[in-house]
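Student: I am new to this structure and would like to study it slowly. Could you take me closely through a single part, and then carry on from there to whatever helps to place it?

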Amino acid sequence: MRGSGLRADSVAVSVAEVATGKVVHDQRGDAAMVPASNMKVLTTGAALHVLGPAFEFRTRMVRGTDRLTVVGDGDPSLGDPAFLAELTHVDAAGNKRKGRTAEQLVDLWVQGARRAGIASVKELVVDARVFDDRYTHPDWPADQLDNTYCAQVAGLNFHENLVTAMVGADGARPAVVAWEPQAPWLAAAPSANATVNGSGKKLADFRFLRAPKDPDRFILAGNLRLPKGAPPSPVPVCVRDMPSFFARYVAARMAAGGVAVGTSRAATAADPAPPDEAVGPVMRMQLAKVIERCNEESQNMYAEALFKRMGAARTGTPGSWSNGAAAVAAAIAERLGPQARAAYTGSDGSGLSRRNSVSANLLARWIASLAADPATSAMFVASLAHAGHEGTVQKRFDADALRALGAEIHCKTGYINGVSCLSGCVGPAGATPRWAFSVLCNDLAGTKDGIRKAKDLQERVAMARASVR
């Protein structure tokens with residue numbers, strides 16, 4: 001720390017022994033620090049503790065009197081392109097192919113409805129009441145809410161709660177040529193000064209602006225650099241109110257598949273509990289895969305869905321940021337003792353909020369507890385990014401040096417403006433980790449090259465433990 005070039009009061013470091021949970025190195029380890037995305041270490045570990053390693057998200061369609069209802073379970077992975085790419089489908093020629101589109105996934109319910117003899121229904125309802133209807137956290141930066149890392153979270157999530165606009169050229173003007181998933185009710189038009197410049201290879205200052213008072217209309221602004229003859233460029237766009245969007249989307253797929261739907265909407269508090277008669281398959285996703293995508297790729301929406309799902313599980317009421325924080329605090333107390341929860345102040349599950357506060361000692365002990373527990377160790381450690389190999393630390397650390405030491409580092413990065421953190425575990429390759437560590441660096445904005453210096457310190461601490469036999 002003395003050689004890092006950082007102020008001593010801006011850094012906290014803790015190292016704990018996995019086998020015993022004992023903190024063996026502590027420099028400002030009890031200081032309250034903003035963790036950024038290291039909050040996901042607490043969220044995913046608490047999900048394993050609260051929901052259980054065998055937990056599965058279950059999204060289903062049920063039928064009632066003249067109504068079809070999609071019942072959400074808070075699954076953040078439904079329709080995620082990363083998971084759709086792993087699925088298979090049968091093409092028109094009867095050949096089995098890898099990968100599915102969002103349309104092919106939802107059409108499984110359409111086929112189920114037709115097999116059940118349903119030709120028409122009065123309405124299609126999406127019941128997302130497993131969570132509350134606060135889709136955006138009040139602490140998130142208001143000027144960044146249309147960035148993908150601020151994607152909303154709901155009791156029914158789909159396609160990462162994003163649509164992809166395929167943007168091409170209409171003469172010298174940008175134009176959306178397709179939406180993925182297909183959403184023909186969305187509209188986009190260029191601003192007066194929007195242009196296409198063919199001399200570059202990437203998007204320049206091109207941006208989407210949401211039209212005032214209409215979440216389904218967008219304005220294309222700035223300059224789109226698109227070489228002549230190049231394919232359209234994908235631009236991810238955040239969806240507002242995914243339950244309502246998904247109701248409309250499923251109704252459109254039903255109509256395309258021969259099932260007439262009168263109206264579509266999201267469920268309200270006045271709606272009765274959905275019936276139990278399933279139509280088509282139950283869409284399932286294992287918790288292990290969700291926490292792996294959450295940690296390796298630092299997926300904020302995934303973390304928030306886990307946060308709220310824990311709150312729903314513990315209380316039997318709609319998941320919220322409030323009961324999610326209470327669920328994490330309870331898990332900390334249950335695993336580390338009631339005194340440990342004093343080192344945690346939770347606002348959200350992803351770490352976007354600056355009102356989150358943890359100590360390095362808490363994170364190191366927490367990671368040690370999960371890594372030492374046979375019920376959670378393999379699943380939790382595998383969910384963390386593998387230094388030098390994959391995830392957010394694929395290009396960090398010296399993979400050759402780690403290989404020479406016979407060691408592995410599995411860890412979670414964290415960054416918001418002025419904050420850089422790294423927490424994880426270290427040990428012999430292929431074995432239970434020996435050490436858990438946390439290096440939390442705050443108030444870096446006023447230090448020249450503060451983020452780089454913080455990352456250097458984090459890597460030196462982790463490598464120092466990797467060299468300890």
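Tutor: Phe397 lies in the loop that runs between β18 (385-386) and α10 (399-405), and, like everything described here, it belongs to a predicted model. Its backbone deserves a careful look, since Phe397 has a positive phi of about 75° although it is not a glycine. Most residues other than glycine have a negative phi, and most peptide bonds are trans. Is Phe397 buried or exposed? With a relative accessibility of 14%, Phe397 counts as buried, because the limit for that class is under 20%.

Arg28 can be set beside it, as another residue other than glycine with a positive phi, here near 55°. Arg28 sits in the loop between β2 (23-27) and α1, and at 36% relative accessibility Arg28 counts as partly exposed. A backbone feature of another kind is found in the loop between β9 and β10 (187-190), which is the place of Pro181: the peptide bond that leads from Glu180 to Pro181 is cis, with omega near -5°.

The loop that holds Arg28 ends at α1, and this helix is the next thing to follow. Helix α1 has 13 residues and reaches 18 Å from its first C-alpha to its last, close to the 18 Å expected at 1.5 Å a residue. Of these 13 residues 11 are buried, so α1 is largely enclosed by the rest of the structure. Among the buried residues of α1 are Met39, Lys40, Thr43, Thr44 and Leu51, and the cover over the buried residues includes α5 (287-296), α6 (300-315), α7 (321-336), α8, α9 (377-383) and β19 (407-416). Just after α1, Gly52 takes a positive phi of about 95°.

One of these neighbours, α8, can be examined in detail. Helix α1 (residues 39-51) and helix α8 (residues 360-372) pack at an angle of about 30°, with their axes 11 Å apart, and their crossing is left-handed. Which residues of α1 and α8 meet? From α1 come Val41, Leu42, Gly45 and Ala46, and from α8 come Leu363, Trp366, Ile367 and Leu370. By class, this contact has seven nonpolar residues, one polar residue and no charged residues. An α-helix has 3.6 residues a turn, so residues three or four places apart point the same way.

Turning to the strands, β3 (residues 56-64) pairs in the antiparallel sense with β17 (residues 283-286) over four bridges, where Arg58 has Arg284 as its bridge partner. Strand β3 also pairs in the antiparallel sense with β4 (residues 67-71), over five bridges, and there Val62 stands opposite Thr69. The hairpin of β3 and β4 has two residues between the strands, and in this hairpin Asp66 takes a positive phi near 60°.

Strand β9, which precedes the loop of Pro181, belongs to an open sheet of three strands in the order β9-β8-β15, with antiparallel pairing. The edge strands of this sheet are β9 (173-180) and β15 (233-238), each of which pairs on one side only, and the twist averages 40° from one strand to the next. Strand β8 (residues 162-170) is joined to β9 by seven bridges in the antiparallel sense, and the bridge partner of Met166 in β9 is Ala178.

Methods: Residues numbered from 1 in each chain as written. Predicted model: local features only at pLDDT ≥ 70, side-chain atom pairs only at ≥ 80, totals over all residues. Heavy atoms only, no water. Axes fitted to C-alpha atoms, helices over the stretch in contact; angles between N-to-C directions. Left-handed = near helix turned anticlockwise from the far one by under 90°. Contact = heavy atoms within 4.5 Å. Nonpolar A, V, L, I, M, F, W, Y, C, P; charged D, E, K, R; others polar. Pairing = 2+ DSSP bridges. Expected span 1.5 Å × (residues − 1). Buried < 20%, exposed > 50% of the residue type's maximum accessible area, 1.4 Å probe, protein only.
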